[in-house]
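Here's a walk through a two-chain protein model, taken one piece at a time. Have the viewer open and follow along.

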Amino acid sequence: MKTRIPYVIAAALAGALLAGCGEQPQVASYKDGKYSGKPDTRPWEAGTFKGDKGAWEQALRTRIRSQNEYKRVE
Amino acid sequence: MGRMKFLCDAERCIECNGCVTACKNEHEVPWGVNRRRVVTMNDGVPGERSISVACMHCSDAPCMAVCPTNVFYKTEEGIVLHDKDGCIGCGYCFYACPFGAPQFPNGPAAFGARGKMDKCTFCAGGPEENGSQAEFDKYGRNRIAEGKLPLCAEMCSTKALLAGDSAEISDIFRDRVLRRGKGVEAWGWMTAYGKDKEEAK
C-alpha cells in the first residue's frame, strides 16, 4: 500500500499540471442573427403599383420633393 | 430609391403634436403606445427647441443586434421592421434603443407580460400581405406601398419633419439652411423660414 502512495501522488500531480492543456478559450464571439420571421413583400410588388418599381419610385420622389415649400411657391 | 430617413428641423418645430396625433389616428395605435412624440428642450425659455422623435430606422440598428428571437429585418429602403408573431416581449430592444422607440402595449410589466413590441414602421407595415387587414391590425397602414410618405411628415404644418430618401431630404434641409443665413444665437420665425427676397438683398 505504502509503495503505491508516491505513484498516486505523481499521477494526481501530473493530472493537475496537464489540466491546463485541455482548456478551451471561453471568450464569447458575437454572431449576427439571421431573421427568423416571415418574408415581407416589397412595397411595389402588390397592391397599388402591381410590380411597377419605376412608377412607385416616381410617386415617392414626387412626394419627397413636394416637402420643399420653397420649390412649390417660387 | 436610397435609404429612408426622418429629419426634424428643430428651428421649425412648434410642438403642435400634429405628427403624434396623425400617427395615432392613421395606425389606430392603442392607448399608452406612442410611436412618435415631441420632446422640448429648455421649455418656456427663449431659444427653446422642440424635436419630433420616433424610430430613426438606424443604419446599424441596436434593436436588431439584441433581439433574442431575431424578428427584426431591414427592407431594401433601409426601413427597420419586425415580425410581431415572433416577439416575446422581453424588452431588450427597448433597453438597446437610444431613442426609446420600442413601445409595449401593457406598459412596464414583468418579462413577457409587456405584450408584443410596437414601434414606428415608417408607415411601411410589416411582414403581411401589403394593404391587408392582418397587416393593418398588427402594424398599421402601409402608406409606402401606396406610394405615399409617412403621415407624420406629410401632416407637419411647418414642414419641420421631413421623411424620405436621405439624399433628397438632406438637399431640402441644406437649401433651408442656406436661405436662413444666420448666427447660432438667432431664433424665431424669420430664422425658421428665411428672409424675404427684398430683405435679403
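## Starting from one aspartate

Let's drop in at B:Asp118, which sits in the loop between helix 3 (92-96) and helix 4 (133-139) of chain B. Keep in mind that what you're looking at is a predicted model. Is B:Asp118 buried or exposed? With a relative accessible area of 7%, B:Asp118 falls under the 20% cut-off, so it counts as buried.

What's around it? Skipping residues up to four places away in sequence, B:Asp118 touches B:Val33, B:Arg35, B:His82, B:Lys84, B:Ala101, B:Pro102, B:Gln103 and B:Lys138. With one of these, B:Lys84, the side chain of B:Asp118 makes a polar contact of 2.7 Å.

Another name on that contact list, B:Lys138, is worth following. Its side chain meets that of B:Asp85 in a salt bridge, 2.9 Å from N to O. This pair ties together distant parts of the chain: B:Asp85 belongs to the loop between strand 5 and helix 3 of chain B, B:Lys138 belongs to helix 4 of chain B, and 53 residues separate them. As for cover, B:Asp85 is partly exposed at a relative accessible area of 41%, and B:Lys138 is partly exposed too, at 24%. Elsewhere, salt bridges with shared partners connect A:Arg63, B:Glu26, B:Arg141, B:Arg143 and B:Glu154 into one network.

Now zoom out to the chain that holds B:Asp118. Chain B has eight helices and six strands, and if you trace it from the N terminus the order reads β-α-β-β-α-β-β-α-α-α-β-α-α-α. Chain B has 201 residues, and 50% of them count as buried. Take the contacts in chain B with a separation of 6 or more: 53% of those come from residues 24 or more positions apart. On the outside, chain B exposes about 9,400 Å², with carbon and sulfur atoms supplying 56% of that area.

Over to chain A, and its helix 1, residues 4-18. Helix 1 of chain A spans 21 Å from first C-alpha to last over its 15 residues, close to the 21 Å expected at 1.5 Å a residue. How many of those 15 residues are buried? The count is zero, so to speak a helix that is hardly covered.

Next, look at where the chains meet. In all, 29 residues of chain A are in contact with 44 residues of chain B. The area buried between chain A and chain B comes to about 3,000 Å², and carbon and sulfur atoms give 49% of it. For polar links, there are 15 residue pairs in polar contact across the interface of chain A and chain B, with both residues at pLDDT 80 or more. Which helices of chain A help build its side of the interface? Helix 2 (53-65) and helix 3 (69-73) of chain A each supply at least two residues of the side that touches chain B. Helix 2 of chain A gives the most to that side, with eight residues.

One residue of chain B to check at this boundary is B:Asp175, found in helix 6 (residues 166-180) of chain B. Leaving out neighbours within four places in sequence, B:Asp175 is in contact with A:Asn68 and A:Tyr70. Its relative accessibility is 18%, and since the cut-off for buried is under 20%, B:Asp175 counts as buried.

Salt bridges also cross between the chains: the count between chain A and chain B is seven. One to find is the side-chain pair B:Glu128 and A:Lys38, at 2.5 Å from N to O. Another brings together the side chains of B:Glu76 and A:Arg42, at 2.7 Å from N to O. B:Glu76 lies in the loop between strand 4 (72-74) and strand 5 (80-82) of chain B, while A:Arg42 lies in the loop between helix 1 and helix 2 of chain A, so this pair joins two chains.

A:Arg42 has a partner in chain A as well: A:Glu45 forms a salt bridge with A:Arg42, the closest N and O atoms being 2.9 Å apart. A:Arg42 counts as partly exposed at 36% relative accessibility, and A:Glu45 counts as partly exposed at 36%. Over all chains, the salt bridge count comes to 20.

Definitions and conventions:
Residues are numbered from 1 along each chain as its sequence is written. Chains are lettered from A and ligands numbered from 1 in the order in which they are written. This is a predicted model: local features need pLDDT of at least 70, side-chain atom pairs count only at pLDDT 80 or more; totals for chains, interfaces and linings use all residues. Side-chain values use heavy atoms; hydrogens and water are left out. Helices (H or I, at least four residues) and strands (E, at least two) are DSSP runs, numbered from the N terminus. Buried means under 20% relative accessible area, exposed over 50%, partly exposed in between (1.4 Å probe, protein chains only). Contact means heavy atoms within 4.5 Å. Accessible areas come from the Shrake-Rupley method with a 1.4 Å probe; for residues, only the protein chains shown count as cover. The expected span of a helix is 1.5 Å times one less than its number of residues. A polar contact is a pair of N or O atoms within 3.5 Å; within protein, one must be able to donate a hydrogen and the other to accept it, and residues adjacent in sequence count only if both atoms are side-chain atoms. Buried area is the accessible area (1.4 Å probe) that two parts lose on being put together, summed over both. A salt bridge is a side-chain nitrogen of Lys or Arg within 4 Å of a carboxyl oxygen of Asp or Glu.
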